[in-house]
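Reader: I am in my first year, and I would like to understand how the words used for a protein model are justified. Could you take me through some of them, setting each value against its definition?

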Amino acid sequence: MARDVARDWMWSEACEMLARAERMHRELFRPGGMQARQPAWEPPVDILETDYEVLALVALPGVDADDVQAVIEDGDLVIAGTRVVPEQLRTAIIHRLELPQGRFYRRLRLPAGRYSTVRRAAAAGCLLITLQKA
């Protein structure tokens with residue numbers, strides 16, 4: 001039993017270190033320009049494609065879909081906005097803060113094709129961006 005606990009703890013620590021390394025990698029290789037001069041973090045994104053549309057599921061808990069920019073620029077989907085601590089929590093004592101705050105920015109290469117519309121909607125704590133194929 002002690003061996004299982006030690007193994008689980010080591011696995012948890014290894015996963016945490018990999019996640020930390022991924023965050024550092026994203027920061028190190030962020031493209032230059034205006035976005036790099038402002039504090040920013042990158043939300044995780046899943047991109048799926050159907051016969052009629054491309055869907056991007058962006059992990060943005062606590063962010064209103066109307067407060068997020070989602071545009072197509074040079075064949076990329078650009079997602080930007082700001083995640084802020086809710087007003088009622090601003091005077092709270094923080095014991096743990098893992099959800100990133102502040103400006104977020106993500107640029108993702110889209111599958112080749114043409115898109116006619118970009119729609120945003122909230123879906124189970126995530127932002128669902130739907131790109132209708134033209």
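**Why these words apply**

Author: Three strands, in the order β3-β4-β5, form an open sheet, and their pairing is antiparallel. This is a predicted model, in which local features need pLDDT of at least 70 and side-chain atom pairs count only at pLDDT 80 or more, while totals for chains, interfaces and linings use all residues. Residues are numbered from 1 along each chain as its sequence is written, and side-chain values use heavy atoms, with hydrogens and water left out.

Reader: Why do β3 and β5 stand at the edges of the sheet?

Author: β3 (69-73) and β5 (102-109) each have a single partner strand, so one side of each is left without a neighbour in the sheet. From one strand to the next, the twist averages 15 degrees (axes are lines fitted to C-alpha atoms, for helices over the stretch in contact, and angles run from 0 to 180 degrees between N-to-C directions).

Reader: How do you know that β4 and β5 pair?

Author: Two strands pair if DSSP finds at least two bridges between them, and β4 and β5 have eight bridges in the antiparallel sense, so they count as paired. Within this pairing, L108 in β5 is the bridge partner of L77. The strands themselves are DSSP runs (E, at least two residues; helices are H or I, at least four), numbered from the N terminus, and the secondary structure of the protein comes to two helices and seven strands.

Reader: Why is D76 called buried?

Author: Buried means under 20% relative accessible area, exposed over 50%, and partly exposed in between (1.4 Å probe, protein chains only); D76 has 10% relative accessibility, so it counts as buried. D76 is found in strand β4 (residues 76-83), and of the 134 residues of the protein, 24% count as buried.

Reader: What makes the meeting of D76 and R109 a salt bridge?

Author: A salt bridge is a side-chain nitrogen of Lys or Arg within 4 Å of a carboxyl oxygen of Asp or Glu, and the N to O value for the side chains of D76 and R109 is 3.2 Å, so the pair fits the definition. Since D76 lies in strand β4 and R109 in strand β5, the pair ties together parts that are 33 residues apart in sequence. R109, at 58% relative accessibility, counts as exposed.

Reader: Which residues are linked with these two in a network of salt bridges?

Author: The network of salt bridges links E73, D76, R107 and R109. The side chains of R107 and E73 meet at 2.3 Å, N to O, and this pair links distant parts of the chain, with R107 in strand β5 and E73 in strand β3, 34 residues apart. R107 is partly exposed at 32% relative accessibility, and E73 is partly exposed at 35%.

Reader: What makes the link between D76 and R107 a polar contact?

Author: A polar contact is a pair of N or O atoms within 3.5 Å; within protein, one must be able to donate a hydrogen and the other to accept it, and residues adjacent in sequence count only if both atoms are side-chain atoms. The side chains of D76 and R107 are joined at 3.1 Å, so the distance falls within the limit.
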